Amino acid sequence: MSVESYKLAAARRALQFVEPGMRLGLGTGSTASKFVELLAGEVRAGLQVLCVPTSEETQRLAEQHGIPLTTLCETPLLDLTIDGADEIDGELRLIKGGGGALLREKIVATASDRMIVIADSAKQVAKLGAFPLPVEVARFGMTATRNMIEMLAADAGCHGEITQRLLSDGAPFVTDGGNYIFDCAFGPMEDPEALDEALKFIPGVVENGLFLGIADAAIIGGPEGVAVIEAQYGESQEAV
Ligand SMILES: O=C(CO)[C@H](O)[C@H](O)COP(=O)(O)O
């Protein structure tokens, strides 16, 4: 079995949480895309849902598949968001933003009654931080912002290289909101909440990839099958 099949298994299990008439948030990334494709099959079969995509990329995919879309302006409250993650710890705290969609992902997830994360088991970690934390920043004053991130992250016990995300041709990666991203290689975090607080304090920081207290459940595909971890109820393992 491959990582792709674990992602697919998690996405397939997530479909069981979708009910007719739901307003859904659609995540971004390879795992979330598998969910969108599976959802499209259900929509073709008659399922009625209304969805808000978390990126231009997911919007294009959903449109290609004929999934009915709306916006958070028209539909500000959602029932459920299904999205991927770059890291998930034992308290369902996440690092997200590997695909650069962290701002819209966080807005959509927090506008939802429930957020369910779907991922392969390699995303599970004891401590967040091996994956560099994406921090979305305004272009204006970005060097000053970078310096403040370095200083305040150090106060929160986090040290490491901060690099601007670039495309393969060396051009800056630009988010859907027109901002830049710093990837912060802080290593394992002792206190993600303190870091989150520190980053929120910096005016040039638009958003950071720590999702703390936002996910309600995680569906993890792995060699043992699919595990559903719910914040209140703990973990239940299901066969492949
Ligand atoms: O946060 C994200 C995009 O901003 C993605 O959900 C995250 O990067 C996981 O992606 P994938 O499912 O491709 O591993």
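Leu92 is found in the loop between strand E4 (87-88) and strand E5 (94-95). In this predicted model, the phi angle of Leu92 is near 60°, a positive value in a residue other than glycine. Loop or not, Leu92 counts as buried, because 20 C-beta neighbours sit inside 10 Å and the cut-off for buried is 20 or more.

Another loop leucine turns out the other way. Leu77 has its place between helix H3 (56-64) and strand E3 (78-83). With 9 other C-beta atoms within 10 Å, Leu77 is exposed, since 12 or fewer is the limit for that class. Leu77 also shows how a chain can fold back on itself: Leu24 is 53 residues away in sequence, yet the two C-alpha atoms are 9.3 Å apart in space.

Stepping back to the whole chain, there are 6 helices and 14 strands. The C-alpha atoms fill a box of roughly 50 × 35 × 35 Å along the principal axes. A compact globule of 240 residues would have a radius of gyration near 18 Å, and the chain has 18 Å, so the two agree. Of the 240 residues, 46% count as buried. Among the contacts with a separation of 6 or more, 75% join residues that are 24 or more positions apart.

The chain is assigned two pieces. Domain 1 takes in 3-123 + 212-238, and domain 2 covers 133-206. Their centres, taken over C-alpha atoms, are separated by 25 Å. Where they meet, 12 residues of domain 1 are in contact with 12 residues of domain 2. On the domain 1 side, H4 gives the largest share, 3 residues. That same side has 5 nonpolar, 4 polar and 3 charged residues.

What about the inside? Nonpolar side chains tend to be buried together in soluble globular proteins. Here, the largest nonpolar core has 58 residues, and those with the most contacts inside it are Ala10, Ile82, Val117, Ile118, Val135, Ala218 and Ile219. Helix H1 (residues 3-15) gives the most to this core, with 6 residues. Domain 1 and domain 2 both give residues to the core, so it lies between them. Ile219 makes a handy example of the packing. Leaving aside neighbours within four places in sequence, Ile219 is in contact with Ala10, Arg13, Ala14, Ile116, Ile118, Val226 and Val228. Two of these partners, Ala10 and Ile118, are also on the list of residues with the most contacts inside the core.

Then there is the ligand. Around it sit 18 residues, the closest being Gly29, Thr31, Gly84, Gly98 and Gly99. The elements that give two or more residues to this shell are helix H2 (30-44) and helix H4 (102-110). The largest share, 3 residues, comes from H2. By class, the shell has 4 nonpolar, 10 polar and 4 charged residues. Helix H4 therefore turns up twice, once in the shell around the ligand and once on the side of domain 1 that touches domain 2.

Helix H5 (residues 142-155) is worth a look too. One of its residues is Met148. Met148 is partly exposed, because its 19 other C-beta atoms within 10 Å fall short of the 20 needed to count as buried. Met148 and Arg13 are 135 residues apart along the chain, and their C-alpha atoms are separated by 42 Å.

Met142 lies in helix H5 as well. It is also partly exposed, with 16 other C-beta atoms within 10 Å. Not counting residues up to four places away in sequence, Met142 touches Val137, Tyr180 and Gly204. Gly204 is 62 residues from Met142 in sequence, but 7.0 Å away in space, C-alpha to C-alpha.

Finally, Arg139 lies in the loop between strand E7 (133-137) and H5. With 12 other C-beta atoms within 10 Å, Arg139 is exposed, as 12 or fewer is enough for that label. Apart from neighbours within four places in sequence, the contacts of Arg139 are Asn179 and Tyr180. Tyr180 is thus a contact of Arg139 and of Met142. Ile181 is 42 residues from Arg139 in sequence and 9.3 Å away in space, C-alpha to C-alpha.

Definitions and conventions. Residues are numbered from 1 along each chain as its sequence is written. This is a predicted model: local features need pLDDT of at least 70, side-chain atom pairs count only at pLDDT 80 or more; totals for chains, interfaces and linings use all residues. A residue is near a molecule or strand if its C-beta atom, placed from the backbone, lies within 6 Å of it. Helices (H or I, at least four residues) and strands (E, at least two) are DSSP runs, numbered from the N terminus. Ala, Val, Leu, Ile, Met, Phe, Trp, Tyr, Cys and Pro count as nonpolar, Asp, Glu, Lys and Arg as charged, and the others, Gly among them, as polar. The radius of gyration is taken over C-alpha atoms; the globule rule is 2.2 Å times the number of residues to the power 0.38. Two residues are in contact if their C-beta atoms, placed from the backbone, lie within 7 Å. Domain bounds come from an automatic or database domain assignment. A nonpolar core is a set of buried Ala, Val, Leu, Ile, Met, Phe, Trp, Tyr and Cys residues joined through C-beta atoms within 7 Å.
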